[in-house]
Amino acid sequence: MAVLRDTLGRWRARPAPGLVLLSPVLAILALMTIGPAFFIFARSVFNTDLMNPGSGRFVGLTNYANVVTNPDVWHDLGNTLLFVCAAVALELCFGLLLAILLSQKLLESNLVAGLLILPMAMTPAVSALIWRELLDPNFGWVSYYLQAWHVTADPIAWLSNTNTSWIALVGLNVWQWTPFVALILLAGLQGIPLEPKEAAAVDGANAWQAFLHITLPMLRPFIAIALLLRVIDAFKTFDAIQILTGGGPGTSTEVINLMIYRVALQDFNVGAASALGVCFLLVLAFVVQQLIRILSRSTDVLED
Amino acid sequence: MSKPTLSRRDALKLGAGTVAALAAVPAPSALASSLGRLGGAKPSQLRILYTTVEADVDAIKLVIPDFKKELGIDLKLDSMPYNALQQKVFAELASSSSYYDIIIVDTPWMPALTHKIQPLTDYVLNKQLSGSLLDLQDFISKVFYDTAVYHPDRSYLHFPSTGTIDPAAIKHAGFDIFGLPIQANALTMSYRKDLFNDSANKAAFKSKFGRPLTVPTTWSEFKQVATFFTRPGQRLFGTTLMAGTGDWATDDFKSLLASWGGDGHLVNDKFQPAFNSAAGVAALTYYADLINTSKVTPPGVTSFSWDEAASTFDAGLTAMSMNYHTEALNSNVKGTLDYAMVPHGVSAGPHFGTWMLSVNPYSKNREWAYQGIVWLTSRTAQSKMLQTQLHPTRHSVYKEALSSPVTSKFGSFYKVLEASLSVGVGRPRLRNYADVDQAVWVAVNNAARGSATPKAALASAASKVTSLLHQAGYK
């Protein structure tokens, strides 16, 4: 009894352990994220079909074997990676340019920064619908002005051709999310002290050299954050692609999310969709992990 | 779609027509007794889950007050667009929710739902429950069998349609009735009547082709007429098609496939692709040629869905179009239009797809819900629903539509729709139809864009469909 009394006394005297303080957050996380994740892992080894009472049989790794041996999955995964690489690379380039322009502290900068938020504030589905109308070869503004300005002789059927469909798809994502990158980088630019630049100028460095050897290195942590957030978000893109191209023409812009949607929410084949989701999660986790590893070499922001 | 305003003359005609229609159907007081009698407490409300424009939600809204008057029950309506509706219906049924009493079901969903929807055959056979309002023989039998009759355990089977609707025979064969059809959509052709009647066009066509300019009834005539009207300099093209990536491209192709003598169901009873055949290749070659060789379609047709097809025709860009509903030319297009059946080849089989009202098996008011759908699909209700352009499922309502001032502004549409439904071909009954559908529309789109030959595109799709059917357990 004395031992127990001592233990309780010590426990009362100590401040509340971190785990106790974190428990509400952990409970929510477990309920909203960890629980569903485990459910998806569990379902992926069953042939669960929500509408088929005979389903729900344990099938081991059959669903995974179907995923790995399905050439459409690899095709869609390739498209997903292409989309992410093209969109995020362009967003970083344009975002950096835009951030530099906005950091010049011109009178118009605040107004432009305010306007920049507009594309981000728009629901991706609505943006895609508007772009679809704009690109319509018969009634859209894009074709109309391209012909009116004699850039093209005939209307361009943007969404009927593989290359132009990709341009439209990547263009929409870049238009919508470049401001997001620009705002992050603008915050970084505004935090860079003036002294190193002034010292470089005294030493005879020109503007390009100062940008390359001072601004860019000091901006790396912000570039890393923007890159990570955009890669994760671009991987998850679904609605804009579904509405703008529907994966077409043919299957040339079909990404893995469209396939998961079809299997899960049109076929209601939960087992197969879960296996697809788990594989996609593993790919995404691998890509993000590699990105963090590479980026943390040059910046300490992402360490720990 | 813009709706023209009614002139006083039209309003008077409408009034006269309504009086005539009311005289032709049982009076409201008689209607209540036309339904069967039910024991048990009457619910104060029935909840219905419905679609939006796809099955004309305005039609349901229109008759809600009558429903209350006739059945003494409030009808609470929830409606949502196609994709959201499908997910909602499946989620409600998967979770055994009793919230909705009546649920609208699209035909491609049913193969997965035969164990989740209340079978109604016993209700239908129970004369006390059904009453005289049901009048089963009045339904278009092809529509009824394709929409509502399924084998619960072998949902891929089609009941051999006999022309008459016999619930006892259905039950005897192990099938069940799972709902009552409410909206019947079929592929029909619309055309610019003013262009076809134009004397200069008539003379030019006669001089060029040596025959009078008429609305095409065969696919060879269709190509000829479409070529004649294609004048890109005047922003006029022969026809729209729905060759974009989506269900619409499959539907276009299966209509042509049936015309060329192939099996419009796409998959045969042995679970083999039925489209990779000589008929299929010829049909798809014709389709692709319209776009790439004859060039009778407007720019961007290989990304068209039914929405773009409608907006392009309505804007006066094409002389002909094929779609699933009435059209309305934009106000700046000075022209008139009418409808005809989609051309035929050695055979005919325009695509059709129908919606039915079903009873939620988890509802606490199943028998009342059944009576609700009997009333909602009755001749009385469907007649009134013509005002909002319902596509009826009953012969008597089509007969009425032919002389009704309410539908006269749609020209021959209802006549054409009924005729199209009687020869239409539905979809294959597969649980994974969404995947099969995609494989076919990708082939159609690839051939239409010229990125693959029709033969290669169909061979690739057939191989994929075989694999999909095998994976889904169809052997």
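**Exercise 1. Find how far apart the C-alpha centres of domain 1 and domain 2 of chain B lie, then work out what makes up the contact on the domain 1 side.**

*Solution.* Keep in mind that this is a predicted model.

Step 1. Start with the separation: the C-alpha centres of domain 1 and domain 2 of chain B are 30 Å apart.

Step 2. Count who takes part. Domain 1 of chain B puts 16 residues into the contact, and domain 2 of chain B puts in 14 residues.

Step 3. Look for the elements behind the domain 1 side. Strand S6 (180-186) and helix H18 (413-423) of chain B each bring at least two residues to the side that touches domain 2. H18(B) gives the most, with 6 residues.

Step 4. Sort that side by class: you get 11 nonpolar and 5 polar residues, and no charged ones.

Step 5. For the bounds themselves, domain 1 of chain B covers 8-186 + 353-423, while domain 2 of chain B covers 188-350 + 430-471.

**Exercise 2. Trace the open sheet of 5 strands in chain B and say which helices lie on it.**

*Solution.* Step 1. Read off the strand order, which is S2-S1-S3-S11-S6 (chain B), with mixed pairing.

Step 2. Pick out the edges. Strand S2 (74-79) and S6 of chain B each pair on one side only.

Step 3. Check the twist: ignoring direction, neighbouring strands of this sheet are turned by 20° against each other on average.

Step 4. Zoom in on one pairing. Strand S1 (residues 45-50) and strand S3 (residues 102-106) of chain B run parallel and are joined by 2 bridges. Here Ile48(B) has Ile102(B) in S3(B) as its bridge partner.

Step 5. Add the helices. Helix H15 (residues 366-376) of chain B packs on the sheet and touches S1, S3, S6 and strand S11 (352-359) of chain B, with its direction at about 145° to that of S11(B). H18(B), for its part, lies across S6 and S11 of chain B and runs at about 100° to S6(B).

**Exercise 3. Take strand S9 (residues 318-323) of chain B: is it mostly covered or mostly open, and which way do S7 and S8 of chain B run against S9(B)?**

*Solution.* Step 1. Test for burial. In S9(B), 6 of its 6 residues are buried, so by the cut-off of 20 or more other C-beta atoms within 10 Å the strand is mostly covered.

Step 2. Take strand S7 (residues 188-192) of chain B. S7(B) and S9(B) run antiparallel, with 4 bridges between them. Thr188(B) has Asn323(B) as its bridge partner in S9(B).

Step 3. Now take strand S8 (residues 237-239) of chain B. S8(B) and S9(B) run parallel, and 2 bridges join them. Phe237(B) stands opposite Thr318(B) in S9(B).

**Exercise 4. Which elements of chain B give two or more residues to the side that touches chain A?**

*Solution.* Step 1. Get the counts: 29 residues of chain B are in contact with 24 residues of chain A.

Step 2. Name the elements, which are helix H4 (82-94) and helix H19 (433-449) of chain B. H19(B) has the largest share, 7 residues.

Step 3. Classify the chain B side: 11 nonpolar, 15 polar and 3 charged residues.

**Exercise 5. How does the radius of gyration of chain A sit against that of a compact globule of 304 residues?**

*Solution.* Step 1. Compare the two values. A compact globule of 304 residues would come out near 19 Å, whereas chain A has 25 Å.

Step 2. Check the box: along the principal axes, the C-alpha atoms of chain A fill roughly 85 × 60 × 30 Å.

Step 3. Bring in the secondary structure, which comes to 13 helices and 0 strands in chain A. Buried residues make up 31% of the 304 residues.

**Exercise 6. Why does Lys464(B) count as buried, and why does His150(A) count as exposed?**

*Solution.* Step 1. Lys464(B) is in helix H20 (residues 454-471) of chain B. Lys464(B) is buried because 21 other C-beta atoms lie within 10 Å.

Step 2. His150(A) sits in the loop between helix H7 (141-148) and helix H8 (162-191) of chain A. His150(A) counts as exposed because there are 7 C-beta neighbours inside 10 Å.

Step 3. Look at the backbone too: phi of His150(A) is near 60°, a positive value in a residue other than glycine.

Note on methods
Residues numbered from 1 in each chain as written. Chains lettered and ligands numbered in written order. Predicted model: local features only at pLDDT ≥ 70, side-chain atom pairs only at ≥ 80, totals over all residues. Buried ≥ 20, exposed ≤ 12 C-beta atoms within 10 Å, placed from the backbone. Pairing = 2+ DSSP bridges. Domains from an automatic or database assignment. Contact = placed C-beta atoms within 7 Å. Nonpolar A, V, L, I, M, F, W, Y, C, P; charged D, E, K, R; others polar. Axes fitted to C-alpha atoms, helices over the stretch in contact; angles between N-to-C directions. Rg over C-alpha atoms; globule rule 2.2 N^0.38 Å.
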